[in-house]
Amino acid sequence: MEYTNYAIDQILKLCKTPSPSGYTHRATAYLQKELADLGFEAQLSRKGSVLATLCEGANPLVLAAHVDTLGAMVRAVKSNGRLRFTKIGTYWENNIENENVIIHTRSGKEYTGTVYINGPAAHVYKDAGSSKRDDEHMEIVLDEIVKSKEDTLKLGIAAGDFVFLDPRTILTPSGFLKTRHLDDKASAGILLALAKAVHDGKLKPTRKLSILFTTYEEVGHGAASGFPADTAEMISVDMGAVGDDLSTDEYRVSICAKDSGGPYDWEVTDTLIRLAQEHDLQYAVDIYPYYGSDVEGALRAGHDIKHGLIGPGVFASHGYERTHTQAIENTLKLLEAYLQIS
Ligand SMILES: [Zn+2]
């Protein structure tokens, strides 16, 4: 439980640190500092991922989680002074309707605003409910007195500025974590907890272990590079999909047997399932119908590695997400068990 609490504390901090794909340096600087405090030298790759090797040994394994998230970018300043945006990552626009945002300009200034549909007033627009939710029919309204394109440009806001979504991070007394970006900061917190357990001498992996925090997963090429050349195996630690006929829920560790990229390695998946059973964990084996992972990026880049995917179940993924501390604990325990087999 000690390491579960540590993981949750890290998840809360990471979720509050903005890091849409392409603007991840605040999150990676935080990771490097936390790892340095645990005595691990963490390297930053050219494209911004963070790698730390926790122990040496044979049969090198990389555990990968991504710290980049969904977000948006200013596409254009409209004639009314409001902003048209383009999405970073894949999501339905209705998932950010009425969300508060921060616009981060190239000169380093930050302005707040809110995402609305065009014409949101129910007392004026009778079709507001059925209006299309897409970037043509939605806009960011700034919390600044701007009435024209020129007014907004004068603030220094322009196309290409990053837009951070308010994560609305909450941990309820009943153990529910409700926040944007649990995908995949829940897993990043879990990897930090493993690093702490190794540092404390409570976890002694039987093989070389590195942890990799990638920064372009949401746009498809997170773990295509940035890990040691001797890597024999990579496991993506990423959220478990919840819904329809899938058996993952917010309390379990989800073991993915197949996603959009095809089946995961038979032996790795089989071992994970066996260990979940032996350790009496709450787990599920599932097929994710619309899902790609970091390890898929590594495979498509041509790396010859064994591969797996596990993670805590996350409800309402790519929206206002939710999981429970039990899912974090089950994922942590399964990874600890996996790292101690010979
Ligand atoms: Zn993810």
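**Zinc site and domain interface**

The site of the zinc ion is irregular, with angles of 51 to 140° among its four donor atoms. Four donors would count as tetrahedral with all angles between 85 and 135 degrees, or as square planar with opposite donors over 155 degrees apart and all others between 65 and 115. The model is predicted: local features need pLDDT of at least 70 and side-chain atom pairs pLDDT 80 or more, while totals for chains, interfaces and linings use all residues. Residues are numbered from 1 along each chain as its sequence is written, and side-chain values use heavy atoms, without hydrogens and water.

The zinc ion is coordinated by H66 (NE2), D183 (OD) and D238 (OD), the last listed twice, at 1.9 to 2.6 Å. Donors here are N, O and S atoms within 2.8 Å of the metal (3.2 Å for Na, K and Ca); water is not among the atoms, so sites may look incomplete. The donor residues follow the spacing H-x116-D-x54-D. H66 lies in strand β3 (residues 61-66) and D238 in the loop between β13 (233-237) and β14 (240-241), so the pair ties together parts 172 residues apart in sequence. Strands are DSSP runs (E, at least two residues), numbered from the N terminus. H66 and D238 are both buried (under 20% relative accessible area, 1.4 Å probe, protein chains only).

The chain divides into domain 1 (2-69 + 180-339) and domain 2 (71-165), with bounds from an automatic or database domain assignment. Their C-alpha centres lie 32 Å apart. Across the interface of domain 1 and domain 2, two salt bridges are found (side-chain nitrogen of Lys or Arg within 4 Å of a carboxyl oxygen of Asp or Glu). R180 forms a salt bridge with E99, with the closest N and O atoms 2.8 Å apart.

Key: Tetrahedral: all angles 85-135°; square planar, octahedral: opposite > 155°, others 65-115°. Helix = DSSP H or I, 4+ residues; strand = E, 2+ residues; numbered from the N terminus. Buried < 20%, exposed > 50% of the residue type's maximum accessible area, 1.4 Å probe, protein only.
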